[in-house]
Amino acid sequence: MRIRAFALVVLLFASAAAAQSPSKILSRANKALGGEKTLNSITSWQQTGKITRVSDGAGGSFFATASGGYLYGSSFDLGGFEVATGYNGKSGWTRDSKNGLRTLTGEAGNAFQSEAVYRNTRWLKAKDEKSKISSGGVADVDGRPTNVVVLTTPKNTKIKLYFDQASDLLVREELAGKTLDYSDYRPVNGIKTPFAIKLASDGEVYDVKLDAVNYNGTVARSSYDFPTVSNEPIPNIAGLLDEVRKNADKIDEILENYSYTETRTEREMRTTGDLVEKDSEKRLLTFYKGYRITRTIEKNGRPLSPSDQAKEDKEAEKYVAEIEKKIEERERKAAASRDTSTGVAGQPTGARQRFTIGDALKGSLLINPRRERFKDREVIVFDYEPNPKFNPKTQNEKLFALCVGAVWVDVASKQVVRLEAVLSKSAGNFFAKAKRGTSFTLDNEFVNNEIWLPSRADISVQIKILFVGIDINNLVTYGDYRRFSTEVKDAVVGDEKKP
């Protein structure tokens, strides 16, 4: 019994001794693969080979490629059944012979975007990308002891890496519900490269045998774009956005009848790679003559006291009074302008200018339009990227003119269903700057069969103020959509009626 206990203690100490710090593990892996300088010199790669499904022996061709630091694509066929995926820097897509083509969203979209960056840069630029590297301890992979490193991206995607303790080479990856085992390493342009891959995904196991691997070759950017698979005509995107803009007045009128809640939760990425929730605040949103009115109703899950809630209601009433004064003054100036004109009737010159998503995308190139089904609705999806010829006039235009992403527009209502935006380069000045990679994702919900209202927003912002870097990671959820039974300016919390 004592011998067994002693052996167990020895084994535990041996495991602890074998575990190394993540930075040392990655440094040794870089050296084993060919050196950090050589790895950093990779700007693109391509793989070609054969793939076999273990369960039935079905096989076909395999292809994968990455370039530009974030572009990634792969494809294979098994007995005529084709599967392809791609990330073009703005959105990810997948296509197969059964389900057709669709844009990846939600956790699947986040995971694939993270994988695309990882396939280009491995772990070499984790710090620049604001990813966290932590220890995963030690583990056994097919009888070989390995050191485990966990890479957690800003989108909270975890990539688990297993490095052979004897060779320091990467022998397993776990990411996005897949497990990839690597073997048969051979040198290619001074880089140790695995030519055998065992892929486990969706309950199936596949063997991939590579015939050729090419580094730093020329890869056409179009290789990552959405395939054209439908002959159905796509409407003019610029015209569609004009309709979205013109629809703004109608949307404002409908919003006058609604209230809903907004819960903003601050999140923080710990050094362990865990995303933890911190403070939260719940607010009630109402609308009056095109202006949004907010009132805090909860903090950290607890309702405000009656006295604090009364203060919030009072502030809302005060803001409504200010709105009335603004509108009255604007209308007075507009009337005076018409009276002193040449007698030709015209629109009031002081009409409020709304900044819609249609306005935001004026400075963008709109590409890759396609028809899809999203949330059981027919939508037009398109990507966008900065237009170098656009000359922005306002701060909002300057910010959006630097963004890349994708937009989903409901065909029937001409309203935006979903928006993804990523800052393609840092923006700001010496005192404050939003860093490249800052991202925003908004999902809307079709309420009462008449209006798309926000349901969820993910915000990840990296800001540098003078010499201090600040990371903001917020989750915003919306709900409790209601119609008002009284005038907004007279209403207090609790006056809403559900539709």
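The paragraphs below go through a predicted model, from its inner spaces to its salt bridges, its loops and its surface.

We start with empty space inside the protein. Rolling a probe the size of a water molecule over the atoms shows where empty space is left. In this structure there are two cavities of 30 Å³ or more. The largest cavity holds about 70 Å³ of space. Its lining is made up of 13 residues, and those nearest the centre are Gln113, Lys155, Glu420, Ala421 and Val422. Four elements each give two or more residues to this lining: α4 (106-121), β20 (403-410), β21 (416-423) and β24 (439-447). Strand β21 supplies the largest share, with three residues. Which classes of residue make up the lining of the largest cavity? Five of the lining residues are nonpolar, five are polar and three are charged.

Strand β21 also contains Arg418. Is Arg418 buried or exposed? Its relative accessibility is 4%, and because buried means under 20%, Arg418 counts as buried. Arg418 and Phe374 are 44 residues apart along the chain, while their C-alpha atoms are separated by 9.5 Å. Another pair can be read in the same manner. Ala360 belongs to helix α8, which covers residues 357-360. With 5% relative accessibility, Ala360 is counted as buried. The C-alpha atom of Ala360 lies 9.8 Å from that of Cys403, although 43 residues separate the two along the chain.

Next come the contacts between charged side chains. How many salt bridges does the structure hold? The number is 30. One of them joins the side chains of Arg292 and Glu262, with 4.0 Å from N to O. Arg292 is in strand β16 (residues 291-299) and Glu262 is in strand β14 (residues 258-269), so this salt bridge ties together parts that are 30 residues apart in sequence. The two partners can be compared by their accessibility: Arg292 is partly exposed at 42%, whereas Glu262 is buried at 1%.

Strand β14 takes part in a further salt bridge, through Arg267. The partner of Arg267 is Asp458, and their closest N and O atoms are 2.8 Å apart. Asp458 sits in strand β25 (residues 451-465), so the pair ties together parts that are 191 residues apart in sequence. Arg267 has a relative accessible area of 17% and is therefore buried.

A third salt bridge starts from a loop. The side chain of Lys375 meets that of Asp443, at 3.9 Å from N to O. Lys375 is in the loop between β18 (364-374) and β19 (377-386), and Asp443 is in strand β24, so the pair ties together parts that are 68 residues apart in sequence. Here too the accessibility of each partner can be given. Lys375 is partly exposed, with a relative accessible area of 39%, while Asp443 is buried, with 14%. Salt bridges can also share partners, and in this way Glu115, Arg119, Glu173 and Lys178 are joined into one network.

The backbone has two points to look at, each in a loop. Lys130 is not a glycine, yet its phi is positive, at about 65 degrees. Lys130 is located in the loop between α4 and β7 (132-141). Its relative accessible area is 31%, so Lys130 counts as partly exposed. The second residue is Asp202, which is also not a glycine and has a positive phi near 50 degrees. Where is Asp202 found? It is in the loop between β12 (191-201) and β13 (204-215). Asp202 has 76% relative accessibility; because exposed means over 50%, Asp202 counts as exposed.

Last, we turn to the surface. Which residues form a nonpolar patch there? The patch consists of Ile465, Val468, Ile470 and Ile472, and together these have about 300 Å² of accessible area. Strand β26, which covers residues 468-484, gives the most to the patch, with three residues. Val468 is a member of the patch and is found in strand β26.

Definitions and conventions
Residues numbered from 1 in each chain as written. Predicted model: local features only at pLDDT ≥ 70, side-chain atom pairs only at ≥ 80, totals over all residues. Heavy atoms only, no water. Patch = residues over 30% accessible without salt bridge, like charges linked within 9 Å, V, L, I, M, F, W, Y side chains within 5 Å. Areas by Shrake-Rupley, 256 points an atom, 1.4 Å probe, with all protein chains shown as cover. 1 Å grid on protein atoms, 1.4 Å probe; cavity = no way out; pocket = protein on both sides within 12 Å on 5 of 7 lines; lining within 4 Å. Points joined across faces, edges and corners; volume = space filled by probe spheres on them. Nonpolar A, V, L, I, M, F, W, Y, C, P; charged D, E, K, R; others polar. Buried < 20%, exposed > 50% of the residue type's maximum accessible area, 1.4 Å probe, protein only.
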